[in-house]
Amino acid sequence: MMNEKPTIFAKAVVGKNFNGFTLSSTMSTIIEINPDLPATKELMDWFNETGFRHASTNFDVYVMADLLKINTSELLSGEMKYYATKVIIKGLQQEESIWYPSCNTCKSKVTITEDVVRCAKCSKENIDYSLRYLIKLYVEDDTSNSIFTLFNNEAASIIGVPVSDLKNTKVTNIEEYNKIIKDSCDKEMTFIIKAQDKTYGN
């Protein structure tokens, strides 16, 4: 049934962290495949919406959590590194630019002075560079609110427009630019959060 992506319900199992996280059954363990429960539909809806994007060995095991739990130290003391949380995007912080000139080699911010492009990290001048997104999202759920910082690829998926195109739009059509920013808000999305150091990501 692997290709069907079934929902597996397990009760009374033992979790262990040794050479990776494992679950073991006991004499009292109950396991059901695709149980007829409201939580089953909720889980499948979440997976179909965003979960498949995170089915990767790049992430450790993660669990669903609300912002209130993530914003406290309750989860930071455990072994779990990543948490998934469903939030509503309420706005973008625009006091500063939502993009920056980035070194194509190390992705660090470059300085441009009198047409001389310098990357301090690479200690080089006249390097190739491009624009990259750096946005801060105001988000909330039923329990709390927070600010998530997103970089290029994750930010582009929120904005829906390549950063170079958005910069040109801001110069040529500020009304359209404002509409794009507005359309990026009031979306319900699921984010994967690295909770140990409160570094947020997609």
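1. Asn152, in this predicted model, is in contact with Leu131, Arg132 and Tyr133, once its neighbours within four places in sequence are left aside. As for its place in the fold, Asn152 lies in helix α3, which covers residues 152–159. With a relative accessible area of 17%, Asn152 is buried, because the cut-off for that word is under 20% relative accessible area.

2. A second point concerns aromatic rings, of which the structure holds one pair. The partners are Phe148 and Phe191, whose rings are arranged edge-to-face, with 5.2 Å from centre to centre and 75° between the planes. The angle explains the label, because planes over 60 degrees apart count as edge-to-face.

3. It is also worth asking which strands hold the two partners of this pair. Phe148 belongs to strand β13 (residues 145–150) and Phe191 to strand β14 (residues 188–194), so the pair ties together parts that are 43 residues apart in sequence. Phe148 has a relative accessibility of 1% and therefore counts as buried, and Phe191, also at 1% relative accessibility, counts as buried too.

4. The last point turns to the surface, where Ile8, Ile31 and Ile33 form a nonpolar patch, and together these residues have about 300 Å² of accessible area. One of them, Ile8, is placed in strand β1, which runs over residues 8–11. Is Ile8 buried or exposed? Its relative accessible area is 56%, so Ile8 is exposed, given that the word is used for values over 50%.

Definitions and conventions
Residues are numbered from 1 along each chain as its sequence is written. This is a predicted model: local features need pLDDT of at least 70, side-chain atom pairs count only at pLDDT 80 or more; totals for chains, interfaces and linings use all residues. Side-chain values use heavy atoms; hydrogens and water are left out. Rings of Phe, Tyr and Trp (its six-membered ring) pair if their centres lie within 6.5 Å; planes under 30 degrees apart count as stacked, over 60 as edge-to-face and the rest as tilted. Helices (H or I, at least four residues) and strands (E, at least two) are DSSP runs, numbered from the N terminus. Buried means under 20% relative accessible area, exposed over 50%, partly exposed in between (1.4 Å probe, protein chains only). Patches are made of residues with over 30% relative accessible area and no salt bridge: like charges are joined within 9 Å, nonpolar side chains (Val, Leu, Ile, Met, Phe, Trp, Tyr) within 5 Å. Accessible areas come from the Shrake-Rupley method with a 1.4 Å probe; for residues, only the protein chains shown count as cover. A salt bridge is a side-chain nitrogen of Lys or Arg within 4 Å of a carboxyl oxygen of Asp or Glu. Contact means heavy atoms within 4.5 Å.
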